[in-house]
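Dear colleague,

Please find below the structure that I am handing over to you, together with its sequence. My notes on what was found in it follow.

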Amino acid sequence: MSPRHSLLAPLLCAVLALPGLTACGANPPSATDTPTPVVPEERSNSTSPVAQDTPTTEPGIDLSDRTVALDPGHNGGNASHPSEINRQVPDGRGGTKACNTTGTATDSDYPETDFNWGVAQKLEQELEAAGAEVVMSRNDNEGVGPCVDERGTFADDADLMVSIHANGSESTKVKGFHVIVAQPGSSDELEDDSNRLADAMSQAMAGPFTPNKAYGKDAISRRPDLAGLNNASVPAVIVECGEMRNPSEAKTMESQSGQRKYAEALMQGITDWY
Ligand SMILES: [Zn+2]
């Protein structure tokens, strides 16, 4: 565990913890569960230019006049600003929770925030190539925040919001994506539209990737405690793209080509929802 992770260890599971699974946590493996480090062959770097990555959107997808909000989870500077990200903010259900967390990491210490940022940039390219306007919750991968209460409201003028994350279960055997939607939603109509978005994202992700059926056959969980979703005024989902501590998924998540595959699946889900 690196210093940047140990700094905030108590926080790591605060956002997305579920029974038996450690979401967004970089918990150390137990003595009997020591994973083999993954050596990435094509490790992605958040500072790499992305211009050489050509969007592969099929011709014919027209998202003109559509506005899509993307939230790459966490931020690269969160770990070095504990007092800022530990402060309490409204959770959208009358309570409070921490502004943000550092996110999880692969066992070779590739941070979730870099993965989220890489996928979001590629998805932004796909969407813009199809004519859509894209609104992002953050503009770089070196800053701090925004806090979770602003990770829904930034999308107020968009048609929908997709929050991109990766999970960090303690067991390296846990594998697969899952999709999270707010329930209850702030209105029946918004809840229905968000559920439709969750279905579309789950079906699109299930093409190239494995659903984590611990969350049901569609790998969708419905939760009242996630501030970004609670504070969204448009249909919104969190996609936990995979498990960063699973060696095979970590290898995919660390590579540019793998991140492109995730972006393409998310693009498919968005176009299917429209
Ligand atoms: Zn996360």
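**Findings: the cysteines and S221**

C147 has a relative accessible area of 6% and is therefore buried. Please bear in mind throughout that this is a predicted model.

C147 is also one half of a disulfide: its partner is C99, and the two sulfur atoms lie 2.1 Å apart. The two cysteines come from distant parts of the chain, with their positions 48 residues apart. C99 sits in the loop between β3 (96-98) and α3 (112-129), whereas C147 sits in the loop between β4 (133-136) and α4 (150-153). The link of C99 and C147 is left-handed, with an angle of -90° about the S-S bond. Like its partner, C99 is buried, because its relative accessibility is 2% and the cut-off for buried is under 20%.

How many disulfides does a search of the whole structure find? The search finds one. A further cysteine, C241, has a relative accessibility of 1%, so C241 counts as buried too.

The remaining notes concern S221. This residue belongs to strand β7, which covers residues 220-223. Is S221 buried or exposed? With a relative accessibility of 10%, S221 is below the 20% limit and therefore counts as buried. Which residues does S221 contact, once its neighbours within four places in sequence are left aside? They are H178, V179, I180, V181 and Y215.

I would suggest locating these residues in the structure as you read.

With kind regards

Note on methods. Residues are numbered from 1 along each chain as its sequence is written. This is a predicted model: local features need pLDDT of at least 70, side-chain atom pairs count only at pLDDT 80 or more; totals for chains, interfaces and linings use all residues. Side-chain values use heavy atoms; hydrogens and water are left out. Helices (H or I, at least four residues) and strands (E, at least two) are DSSP runs, numbered from the N terminus. Buried means under 20% relative accessible area, exposed over 50%, partly exposed in between (1.4 Å probe, protein chains only). Contact means heavy atoms within 4.5 Å. A disulfide is a pair of cysteine sulfur atoms within 2.5 Å.
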